[in-house]
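Please open the model in your viewer and keep the sequence panel beside it, and then follow the stops below in order.

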Amino acid sequence: MAQRTFSIIKPDAVRKGYTGAILAEIEKAGFKLAAIKKQAISNDQAKGFYHVHAERPFFKDLCTFMSTGPLFLMVLEKENAIADLRKLMGATNPANAEEGTIRKKFAGSIQENAIHGSDAEDTAAFEIGYWFAGYELI
Ligand code: ATP
Ligand code: MG
């Protein structure tokens, strides 16, 4: 059965003009775009989204970075979507990302790493509900 995951094309990748190329990788890997919208998010919205990282040393910088410019919020659908997107994204630090992954191709640094993907079913459910209303997901 198809599973949904939540993803973001982060502000660094949008700024560099990689949105189309990243979407092409995602579709080529068999994901359906259930929903997508461009949005500039506030620092407070970023803090709420990344609340699990609130105690981490990189939290403040990460939330600032996420509100530096528009990003694309997406819901992606596919069998095994959560794990398969994580694999397609590659490691958090692009220096450690496998050849052919989105972060290897498009990420600039461990912070400005082009894409987000939910890491489990419960976080995917929280993240989809955080950014999308039910009527946007039909
Ligand atoms: P994401 O949650 O965005 O999909 P991830 O699950 O690979 O990425 P997390 O550990 O959840 O990585 O960290 C969330 C985000 O915080 C990372 O994607 C990156 O932008 C930033 N980040 C993580 N570790 C560091 C670090 N050591 N220094 C700076 N930024 C970091
Ligand atoms: Mg994460």
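Colour the chain by secondary structure and trace it from the N terminus, where the elements of this predicted model follow one another as β-α-α-β-α-α-β-α-α-β-α. Along that path you should be able to pick out seven helices and four strands. The protein is as compact as a globular protein of its length, because its radius of gyration is 14 Å, close to the 14 Å that the globule rule gives for 138 residues. If you turn the C-alpha trace along its principal axes, the box that these atoms fill comes to roughly 40 × 35 × 25 Å.

Next, select ligand 1 and display the protein surface around it. Where does ligand 1 sit? The place to look is the largest pocket, which holds ligand 1.

Now show the residues around the ligand as sticks. The shell comprises 14 residues, among which K10, R86, T92, Q111 and N113 come nearest to ligand 1. By character, the shell is made up of five nonpolar, six polar and three charged residues. To relate this shell to the fold, highlight helix 5 (81-89) and strand 4 (115-117), each of which contributes at least two of the residues surrounding ligand 1.

With the sticks still on display, turn to the polar contacts made by the side chains. In N113, a side-chain N or O atom lies 2.9 Å from an oxygen atom of ligand 1, and in H116 a side-chain N or O atom is likewise 2.9 Å from an oxygen atom of ligand 1. Select R103 as well, where a polar side-chain atom is 3.1 Å from an oxygen atom of ligand 1. Taken on its own, ligand 1 has 570 Å² of accessible area, and 81% of this is covered by the protein.

How values were computed: Residues numbered from 1 in each chain as written. Chains lettered and ligands numbered in written order. Predicted model: local features only at pLDDT ≥ 70, side-chain atom pairs only at ≥ 80, totals over all residues. Heavy atoms only, no water. Near = heavy atom within 4 Å. Polar contact = N/O pair within 3.5 Å; in protein donor to acceptor, adjacent residues only side chain to side chain. Areas by Shrake-Rupley, 256 points an atom, 1.4 Å probe, with all protein chains shown as cover. 1 Å grid on protein atoms, 1.4 Å probe; cavity = no way out; pocket = protein on both sides within 12 Å on 5 of 7 lines; lining within 4 Å. Sits in = over half its atoms within 2 Å of the grid points. Nonpolar A, V, L, I, M, F, W, Y, C, P; charged D, E, K, R; others polar. Rg over C-alpha atoms; globule rule 2.2 N^0.38 Å.
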